[in-house]
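Colleague: I am new to this one, and I would like to know how the descriptions come about. Could you show me the structure and take me through the reasoning?

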Amino acid sequence: MLGPGVAWYLGIAAFLFATGAFGVLIRRNPLIVLLSLEIMLNGANLALIAFSRHAANGAGQIFALGVMAVAAAEVCVGLGLVVAINRRRLALDVDEFSELRG
Amino acid sequence: MIAGAWLCLWAPLAGTVLILLGGTRMPRKVAAWAATTSVFVAFAGAVWSFLELHANADHHSHYSALWTWLAAGKFTVPFEIVVDPLSTFMMLIVSGVGGLIVLYSIGYMDGDDEERRYFAYIAFFVFSMLLLVEGGNMLLLLVGWGLVGLSSYLLIGFWHERPSAVAAAKKAFIMNAFGDATFALALFVLIAHSNSLEFATSFATASHLSQSTVDLVALGLLGGAAAKSAQVPLHTWLPDAMEGPTPVSALIHAATMVTAGVYLIARTHPIFEDAPTIALVAAGLGAITLLMAGMIALVQTDIKRVIAYSTMSQIGYMFMAAGVGAFSNGMFHLMTHAFFKALLFMAAGLVIHAVADEQDIRKLRGVGALMPFTKWAFLIGAAALVGIPAFSGFFSKDPILAADLHDHWYGVVFWACGLVGTFLTGLYTFRLYFIVFPGEPSPFVREHYHSHHGREGSWTMLVPVGVLTVLAAVAGWIQFQPFWEPITHWLSPVIPTEPAAEATNWDDAITSVIAPILGIAGIVVAWLIYGARQRLAVPRIAWLQRLLEHKFYFDEAYDLVFYKPAVATATLWRRDFEEPVVLTTGSDLGEGTLELGNATRRIQNGLLRTYVFFLGAGMAVLAVVFLAVR
Amino acid sequence: MLAITAGGVVVWIVWVAAGFACLASGVAVVSFTNPFFSALALIGNLASLAVLYLLLSAEFVAAAQVLVYAGAVMVMFLFVIAYVGPRREPPWAGGPSWQTLGAVLAAGAIFVEIVVVIGLKAGGRLEKSPDVGSVFGSPGWIGRLFLTDHLLAFEITSIVLLVAAVGGVILGSHTRRAVRGEMG
């Protein structure tokens, strides 16, 4: 019922994670950055579920649900920030907010 | 007896502490009298201790320890004092003469800006000297030794606004530090072999050491003694030390500190008896110093420096005595010397104080007409110094020469040196007297002399001078070798005279006849040259004059050998190492750090993506590292 | 719950399709210039992931994924994207010159590392997965776990959500005041 071995699911998860990381590093629009972040989280979720299935342990699925909840919370706050930036008529560009420098 | 000794030791320290705590709130006179009283209390303690010891039939050494001062494994040093004939003898001299001099200082230092500091220092000095003579083991002796060196430095440089005084203080301290170092090295050798610095164990150990080792120990002790007592070759600091106030010169550089070297040799005489070569060196140094100082004193024009060289010369006598083993003779001369030398200094001080602090004898001509009391005091002191029969010096100096005569062939050489020295003593002492005191007062004196309410000085100055005059005149009668010798008998349990130095009656007789004759001859020559009618002219030998005026070029030699190379080395190091390497290292380190910081700063470019990148990259690297490690 | 009895073939086909969709949509999210399309691609990603969860007997999680993630979070995203307005930005724009190459390398390194780690450490053991009963992954089962073994996580998650809600409200209210300040 599983299909290919758990290892393949893990491969997909790794690819998703790496893709999400790539997106976070490369994109300038904060919205796209948040989306890439979501990709990363989903990759992690997939790995959790896969291991949970492999070990027949429910903790992985519980963890994944927790991750989902936290991701929702984080998106809420993140989008709030984007909206606030937009209200200030500032450019929606992560490179613009570079005051935290040496 | 023990209680008296402890009282004697702690009273002056209590005086110092009192003055220190009082600070500027304490009135000056109170500070002065506090110091004086503390020293007189010490004298009372010394007298008490002496009387009890005298009553105690068995006069051996009594030790009393307060606490264990130093404990390092098996090596322990208790804070102990020794009460025995030698230490009580020294205690009496130090506290007695010291008390008189501190009393004299009240008048002399009256009106000085920093009077309290002076009295704190001088009380501290008396404490240090008492610690030195009462110290119950070699280490405490060294502690007292070092502390008197410190007090001497503080007091010579008392008028610290004068660069010459500061330089003199440093010179004294550094030369004494050399002696301290050799002393300490000797102690190290003793510790290495015996693990204890108690007198008895040290002496016992020394007797079992190889000859070269015990010679080394004795040489180290001699080095310390020679530095402290201003013997050749470590003597150049004493004339410069006259920069200090006159009472300081009287107390430290005449009566007590400079005699510490003689005391050391006497106290550690078993070691010197085991090292006869070094003892001979000691005697030889004494003889050389005796002659050299006597000659230099002939050309000095500063009243205090003449007396300083005289001190150096007389201590040469004491070293000669100690070197050949006539310890009690040396100690007796120490006692009488304390009296008449302090008297001479204090009389000179009366003159200096009354004539606007002038010390040049050429300007002080004829001051005796205005200051008769001082003139007579000085005259009696001078007579005692020369060794004129019936005055104290006669009774103490001649037995030394007699002991020398008896002792081997080199003893005769020392005897001859001593006799020449007697002639020189008469000559320079009375040169000084005839120039300064008799005759018409010079214009300078007439102009600058001011009396103290009609008298020559305040009573605090006159009374000690008077007391010492009496002592200088009659104190010698206490021992007339070979007829009655209470001092020798008193000291013999601790410092018995060596058999080789026991003078025979014949030796005593010859010496006691020839020496005074030579002394009087010196006086006569001085009178002929410097007296009122100047019958003889001073012989003008240019090279000799130059040699004596430059004090045999010792200062120049030391300057060349020690000072200039040291300065050159220091300059070399500064120029070629410290400035290019060390200093720039400091600044380079700073600059380098700044550069590094600047470079690192540019990583923080403010872009979020860069930060995230570094996060990710770091994570990737760490993952590899962890994999590799596990 | 979902009893697939037709055998491994169907499972395999489903798996390939879902996997492919997942990977493609993932790449699409980071590649589109228009954020709207990226969000849509993410929704597709979430859906394919839900299918994969079903294959892994995590029915409840799959349902939650569709409801919460695709249903609520992505709606929020689309709302904000619509509110913010159209933007166009080439993916590789700006930044320090080494940024692009560094990003590629970093992402590649992460991917390779994860694969290598899992292969090295657990390769052997991942061959065979045990069979699980039908209860595994069911809502009741998850609920029981939440209320017994993982009660603390459950409670704390609720607090996190509360904090996020408060934060969202605050972020929203401040801007309203600022806007009024700018206007007046």
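**How the descriptions are reached**

Modeller: Gladly, and let me start with helix α3 (residues 85-108) of chain B: its 24 residues should span 34 Å at 1.5 Å a residue, and its end C-alpha atoms are 34 Å apart, which agrees. Please keep in mind that this is a predicted model.

Colleague: What makes α3(B) largely enclosed by the rest of the structure?

Modeller: Here the count decides: 23 of the 24 residues of α3(B) are buried, so the helix is largely enclosed. To be buried, a residue needs 20 or more other C-beta atoms within 10 Å of its own.

Colleague: And what can be said of the length and the burial of α15(B)?

Modeller: α15(B) has 28 residues and reaches 40 Å from first C-alpha to last, close to the 40 Å expected at 1.5 Å a residue. As 27 of those 28 residues are buried, α15(B) is largely enclosed by the rest of the structure too. There is also a kink of about 25° in α15(B), with His337(B) at its centre. Just after the helix, Ala356(B) takes a positive phi of about 55°.

Colleague: Which residues have the most contacts inside the largest nonpolar core?

Modeller: Those are Leu130(B), Ala342(B) and Leu343(B), in a core of 205 residues. Helix α15 (residues 327-354) of chain B gives the most to this core, with 18 residues. A second, separate core has 77 residues, among them Ala14(A), Leu25(A), Leu65(A) and Ala62(C).

Colleague: What is Leu130(B) in contact with, leaving aside its neighbours within four places in sequence?

Modeller: Its partners include Cys8(B), Leu9(B), Pro12(B) and Ala42(B). Met91(B), Val94(B) and Ser95(B) are in contact with Leu130(B) as well.

Colleague: Why is Ala230(B) called buried or exposed?

Modeller: Ala230(B) has 28 C-beta neighbours inside 10 Å, so with a cut-off of 20 or more it counts as buried. Ala230(B) lies in the loop between α8 and α9 of chain B, and its phi is near 55°, a positive value in a residue other than glycine. Pro233(B) is found in that loop too, and the peptide bond from Val232(B) to Pro233(B) is cis, with omega near 0°.

Colleague: How do you know which class Ala390(B) belongs to?

Modeller: With 13 C-beta neighbours inside 10 Å, Ala390(B) falls between the limit of 12 or fewer for exposed and 20 or more for buried, so it counts as partly exposed. Its place is in the loop between α16 (372-386) and α17 (392-406) of chain B, and its phi is near 85°, again positive in a residue other than glycine.

Colleague: What is the pattern of chain A along the sequence?

Modeller: The pattern is α-α-α, with three helices and zero strands. Buried residues make up 62% of the 102 residues in chain A. The chain averages a pLDDT of 88, and 97% of the residues score at least 70.

Colleague: How many residues join chain A to its partners?

Modeller: Towards chain B, eleven residues of chain A are in contact with ten residues of chain B. On that side, chain A has six nonpolar, two polar and three charged residues. The contact between chains C and A takes 80 residues from chain C and 64 from chain A. The chain C side divides into 58 nonpolar, 19 polar and three charged residues.

Note on methods:
Residues are numbered from 1 along each chain as its sequence is written. Chains are lettered from A and ligands numbered from 1 in the order in which they are written. This is a predicted model: local features need pLDDT of at least 70, side-chain atom pairs count only at pLDDT 80 or more; totals for chains, interfaces and linings use all residues. A nonpolar core is a set of buried Ala, Val, Leu, Ile, Met, Phe, Trp, Tyr and Cys residues joined through C-beta atoms within 7 Å. Helices (H or I, at least four residues) and strands (E, at least two) are DSSP runs, numbered from the N terminus. Two residues are in contact if their C-beta atoms, placed from the backbone, lie within 7 Å. Ala, Val, Leu, Ile, Met, Phe, Trp, Tyr, Cys and Pro count as nonpolar, Asp, Glu, Lys and Arg as charged, and the others, Gly among them, as polar. The expected span of a helix is 1.5 Å times one less than its number of residues. The bend at a residue is the angle between axes fitted to the seven residues ending there and the seven starting there. pLDDT is the predictor's confidence in each residue, from 0 to 100.
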